[in-house]
Amino acid sequence: MQCLIGNRSLKTLRHPARTLIVIGSGGHTAEMLRLMNKMNKKKFTPRLYLLANTDTTSQIRVENEECGIDWSIVKIPRSRYVNQSYLTSIFSTIYSIFMTVPVVISFKPDLVLCNGPGTCVPVCFVAFLVKLFHYVDTSIIFVESICRVNTLSLTGKIMYFFADLIIVQWYELKQKYGMRVKYLDEGLSS
């Protein structure tokens, strides 16, 4: 299967590809690290792991899992806290977007890889804007969590507008959301 992102295939990404990996928290961290362990890290370097400033557990997990060279971690403000109202999360998301701009502009990623909660929305929004204004030709890939069987998560629904590719792990989601969604038929273990 040739996987297209934007108007090019994954195979035509510049190698090595400057890769920005958005780390969520909890199970999202575990899924992303599992995915990263399956990737050829020589093709995705340098790697910048971006995570919420309050997520010390994920930082420790990334530091323990990452054994290569040419990687770093940057923290940004969380766009939405657990049990935070949707109204106030608008303001914290806007703040997070502003804090993300210099990170994305200075790193200039070829690829943004994310799977997670709201932390990835500001990052992908900024990456989408720099791509839109032809500053960097960034490809955005969102991997929906394996626990999403019938519908995309709220983040997945938002990312549908920004991501070049959405990967789902259940065929029902592929059928429901169509062309821009690819089905990863063997989950993250393949």
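**Entry 1: the chain as a whole**

What percentage of the 190 residues of the chain count as buried? I found that 48% do. I note at the outset that this is a predicted model. I counted six helices and nine strands in the chain. I then looked up contacts between residues at least 6 apart in sequence, and 63% of these join residues at least 24 apart.

**Entry 2: the sheet**

In which order do the seven strands of the open sheet stand? I read the order as β5-β4-β3-β6-β7-β8-β9, with parallel pairing. As a reminder to myself, strands of a sheet pair through backbone hydrogen bonds, either parallel or antiparallel. The edge strands are β5 and β9, the latter covering residues 181–183, and each pairs on one side only. I also recorded the turn between neighbouring strands of this sheet, which averages 20° when direction is ignored.

I next went through several of the pairs. Strands β4 and β5 run parallel and are joined by six bridges. Here Arg47 stands opposite Trp71 of β5. Strands β3 and β4 pair in the parallel sense over five bridges, and Ile21 has Tyr49 in β4 as its bridge partner. On the other side of the order, β7 and β8 run parallel with three bridges between them; Ile141 has Leu165 in β8 as its bridge partner. Strands β8 and β9 also pair in the parallel sense, over three bridges, and Lys182 in β9 is the bridge partner of Ile167.

**Entry 3: two strands and their burial**

Why is β4 described as largely enclosed by the rest of the structure? Six of its six residues are buried, so the description follows. The cut-off I used for buried is under 20% relative accessible area.

For β8, I looked at the two faces separately. In a regular strand the side chains alternate between the two faces of the sheet. Leu165 and Ile167 lie on one side of β8, Ile166 and Val168 lie on the other, and all are buried, which leaves both faces covered.

**Entry 4: helices α1 and α2**

Helix α1, residues 27–38, lies across β3, β4, β6 and β7 and runs at about 150° to β3. Helix α2, residues 56–65, packs on the sheet and touches β3, β4 and β5. The direction of α2 makes about 175° with that of β5.

I checked the span of α1. Its 12 residues should span 16 Å at 1.5 Å a residue, and the end C-alpha atoms are 17 Å apart, which agrees. The buried residues of α1 are Thr29, Ala30, Glu31, Met32, Leu33, Leu35 and Met36. They pack against β3, β4, α2, β6 and β7.

**Entry 5: helix α3 and the loop before it**

Helix α3 has 22 residues, 86–107, and reaches 30 Å from its first C-alpha to its last, close to the 32 Å expected. Where in α3 does a kink lie? I located a kink of about 30° at Thr100, shortly before the proline Pro102. Thr100 is also among the buried residues of α3, which include Ser89, Ser92 and Phe107. The buried residues of this helix pack against β3, β4, β5 and α4. Just after the helix, Lys108 takes a positive phi of about 50°.

In the loop between β5 and α3 I looked up Gln84. Is Gln84 buried or exposed? Gln84 has a relative accessible area of 14%, so it is buried. Not counting residues up to four places away in sequence, Gln84 touches Ser79, Ser89 and Ser92.

**Entry 6: the nonpolar cores**

How many residues has the largest nonpolar core? I found 29, and those with the most contacts inside it are Leu20, Val112, Val123 and Met159. Among the elements that give two or more residues to this core are β3, β4, α3 and α4. The largest share, six residues, comes from α4.

I followed Leu20 further. Not counting residues up to four places away in sequence, Leu20 touches residues including Leu48, Leu50, Val104, Phe107, Val112 and Val123. Apart from the largest core lies another core of 18 residues, among them Ala17, Met32, Tyr49 and Leu165.

Methods. Residues numbered from 1 in each chain as written. Predicted model: local features only at pLDDT ≥ 70, side-chain atom pairs only at ≥ 80, totals over all residues. Heavy atoms only, no water. Helix = DSSP H or I, 4+ residues; strand = E, 2+ residues; numbered from the N terminus. Expected span 1.5 Å × (residues − 1). Bend = angle between axes of the 7 residues up to and from the residue. Buried < 20%, exposed > 50% of the residue type's maximum accessible area, 1.4 Å probe, protein only. Contact = heavy atoms within 4.5 Å. Core = buried A, V, L, I, M, F, W, Y, C linked by side-chain atoms within 4.5 Å. Pairing = 2+ DSSP bridges. Axes fitted to C-alpha atoms, helices over the stretch in contact; angles between N-to-C directions.
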